[in-house]
Amino acid sequence: MRTVFGDHLTSIQRIVQGVVDEPGSAFPEAAVRAYRQLGDIEGIGSGIATRLLALARPDRFVSLNGASKEGLARSFGVAPGTLSEPRSYGRLLNRLYSEAWYRDARPIDAREESIRWMCAALLDCFVYEQP
């Protein structure tokens, strides 16, 4: 069976699986490394790379796409044109991780805890601007 990722499926799975078990203290370095590795694979741009990573770790990755880059850049003080670069993506994540609402949120029930666990991945929903 051939997938949309072609001959790169095993490499992509290895990279994504590599961040699943990383402790929070390993980020954003682990994020930058995985983002760079995925970006080195033919046909994987920033949108696909960050979407795959956000699916694997919705607590630590933000999905980038053309309709959210401007809002994310504006919200976190990063130049939008540089967000496709791994180091700039790492700066965005560092700023996210330092936000009080990200660090200190105390969920009051299981439903809030499940949403809190996805807070990084959900940011895209709040900054998405229809082109």
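Is Arg33 buried, partly exposed or exposed, and what is its relative accessible area? Arg33 is partly exposed, at 41%; here buried means under 20% relative accessible area, exposed over 50%, and partly exposed in between (1.4 Å probe, protein chains only). A few notes to get you started:

1. Before anything else, this is a predicted model, so to speak with its own house rules: local features need pLDDT of at least 70, side-chain atom pairs count only at pLDDT 80 or more, and totals for chains, interfaces and linings use all residues. Residues are numbered from 1 along each chain as its sequence is written, and side-chain values use heavy atoms, with hydrogens and water left out.

2. On the overall fold, the protein has eight helices and zero strands. Helices (H or I, at least four residues) and strands (E, at least two) are DSSP runs, numbered from the N terminus. Of the 131 residues, 43% are buried. Contacts (heavy atoms within 4.5 Å) also reach along the chain: among those with a separation of 6 or more, 56% join residues 24 or more positions apart.

3. Back to Arg33, which forms a salt bridge with Glu22, with the closest N and O atoms 3.3 Å apart. The pair links distant parts of the chain, since Arg33 sits in helix H2 (residues 29-39) and Glu22 in the loop between helix H1 (9-20) and H2, 11 residues apart. Glu22 is partly exposed too, with a relative accessible area of 21%. A salt bridge means a side-chain nitrogen of Lys or Arg within 4 Å of a carboxyl oxygen of Asp or Glu.

4. The count comes to two salt bridges. Asp59 and Arg57 form one, their closest N and O atoms being 2.9 Å apart, and both of these residues are buried.

5. Have a look at helix H3 (residues 46-56), which is mostly covered: eight of its 11 residues are buried. Among them are Leu52, Leu53 and Ala54. Gly47 is in H3 as well, and it counts as buried because its relative accessibility is 18%. Gly47 and Ser84 are 37 residues apart in sequence, yet 8.7 Å apart in space, C-alpha to C-alpha.

6. Last, the charges: Arg36, Arg87, Arg91 and Arg95 form a positive surface patch. Helix H5 (residues 86-98) gives the most to this patch, with three residues. Arg95 lies in H5 and counts as partly exposed, because its relative accessibility is 34%. Patch residues have over 30% relative accessible area and no salt bridge, with like charges joined within 9 Å.

Conventions: Patches are made of residues with over 30% relative accessible area and no salt bridge: like charges are joined within 9 Å, nonpolar side chains (Val, Leu, Ile, Met, Phe, Trp, Tyr) within 5 Å. Accessible areas come from the Shrake-Rupley method with a 1.4 Å probe; for residues, only the protein chains shown count as cover. Lys and Arg count as positive and Asp and Glu as negative; His and the chain ends are not counted. The place of a charge is taken as NZ of Lys, CZ of Arg, CG of Asp or CD of Glu.
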